[in-house]
Each structure stands twice: as C-alpha cells, then as structure tokens.
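Biologist: Could you walk me through this model? I would like to hear the reasoning along with the results.

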Amino acid sequence: MTDVPPETDAFLLRLREFHSDYFPRHQQRFQDLAARGQQPKTLFIGCSDSRLVPYLLTGAGPGDLFIVRNVGALVPPWDGSHGLHGTTAAIEFAVLSLRVEHIVVCGHSHCGAVRAAYEGAPAEALNLHNWLRLMDEALLPVQASPEALARTGQRSVVLQLERLLNYPMVRREVEARRLRLHGWHYVIELGEVHIFDARLGRFVPAEQAGHSGDEPIPAPTILA
Ligand SMILES: [Zn+2]
C-alpha cells in the first residue's frame, strides 16, 4: 500500500488546519469543557443527511448539543421490540444522566429516508428496510408526490415525538415541566425551519412562530 502524499490528503490537511487555525482561537472553551465536562441542555435527534447542519441552524458551538443522528431522524420504541439501538441508548443517557432540558427531533425536505419509505430500500439493505418501518404510521395512502413526501416528513417528526413520550423518563420529565420537546422540519432550499405547534396541529415557519417548540406536550396528535 502506498502512502498518500500529505499535500493531497484532504482530511489530513483539514485536521492540521483545525489544530493550527480554529483551535487556538477557541482554546479556552475546549479546555474548560475538558476540565468541567459537558453540560449540554439539548438532545438533537436529526436525520444523517449531509445537508442538515445542526450547528448552523441553532448557532450552537462545542458543548451545546448532544447529537444523535440516524437515517430519517427516527425514534425506536423504548420497549426494545426493535432490537438493540444506539438512538434509544442516547435518549436514555441524555435524559437520565445529562438531564437535558430540550429534545429536538429534526427532519428535513427532500429526505431520502422518506422517499425510501415509499419506494423501498435496496434489497440487500435488510436493516434499512426494517428501520424505515419506524415511519410506517406517517405514510399517506397516495403516490409519492413532492407534496406527499413533504407532508410525510412532517408527519414523521410528530410520530417520533409521540414515540418519545412513550419513554418513561421522557414522559416523567415532560410532565414535570423540566423537559420540552421540539418538532422541527427544515426546508433546505428555503433555509427555513418549520416548527410543530401542537395547539394549532400544524407546522409554522420559524419567522411566524411564537415559540421554538411547544410547552410540554401531553399527547400530540399526528397530523391528518
Ligand atoms: Zn433525511
């Protein structure tokens, strides 16, 4: 195996750049976080899509977000019936150990997971096929038009919020008003996050919304 010349290894160049350029300007922040540990207030559950950039959307920096990302921003059932899952473990850790005050579930427009839920995953992708079933209840009995895909993406966010409320520790903290749930749908081409408003029963663009997510939602109802 031949070594890649360092000057053509893009990752290596960026790692060096991070250390020599970015890090010195934020050194104190990183050292404080290393010394005192992380105390993020937010668990961000987002789709793995490369176009969704949680730090840009929220203006967050190091130490602010505890992030778990997966295909479709899906939440498995707490009872373990869906097998071993890192997302479930991350939710338990964030709520019970980090004691986060917010959980954001963030889907987005043009989501490949939503499309695959209608059109199917590659035959060899057995785990993906099974995983996407977590979106089943959000699917509409229609052709996968752009409008249907967008609505399904929003319905899926609400479905995941409902599933989160079946986690005993999430429900307990929400009912005690120590934890708020936020359902977001990011429209890539508009640079706009739409926020689920349980009282209105619909998503509202952030520009017009009165809040970034509901006060504790006892039982959100999935969009019609
Ligand atoms: Zn996606």
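Below, we go through the domains, two helices and one residue.

Biologist: Happy to start broad: how far apart do the C-alpha centres of domain 1 and domain 2 lie?

Modeller: Keep in mind that this is a predicted model. The domain assignment splits the protein chain into domain 1 (1-37) and domain 2 (40-205). Taking the C-alpha centre of each, the separation is 30 Å.

Biologist: Thanks! At which residue does α1 bend?

Modeller: Helix α1 covers residues 10-25, and its end C-alpha atoms are 22 Å apart, in agreement with the 22 Å that its 16 residues should span. None of those residues is buried, so α1 lies largely in the open. Its axis still turns by about 40°, and the place is F18.

Biologist: And α7, which elements are included in what covers its buried residues?

Modeller: Helix α7 runs over residues 146-164 and reaches 27 Å between its first and last C-alpha, close to the expected 27 Å. Its buried residues include A150, the run from T152 to L161, and L164. Their cover includes the helices α5 (112-119) and α8 (168-175), together with the strands β3 (102-108), β4 (180-187), β5 (192-197) and β6 (202-205).

Biologist: One last thing: is L149 buried, exposed or partly exposed?

Modeller: L149 sits in helix α7. Leaving out residues up to four places away in sequence, L149 touches V114, R115 and A144. A buried residue needs 20 or more C-beta neighbours within 10 Å, and an exposed one has 12 or fewer. L149 has 17 inside 10 Å, so the class is partly exposed.

Conventions:
Residues numbered from 1 in each chain as written. Predicted model: local features only at pLDDT ≥ 70, side-chain atom pairs only at ≥ 80, totals over all residues. Helix = DSSP H or I, 4+ residues; strand = E, 2+ residues; numbered from the N terminus. Expected span 1.5 Å × (residues − 1). Contact = placed C-beta atoms within 7 Å. Domains from an automatic or database assignment. Bend = angle between axes of the 7 residues up to and from the residue.
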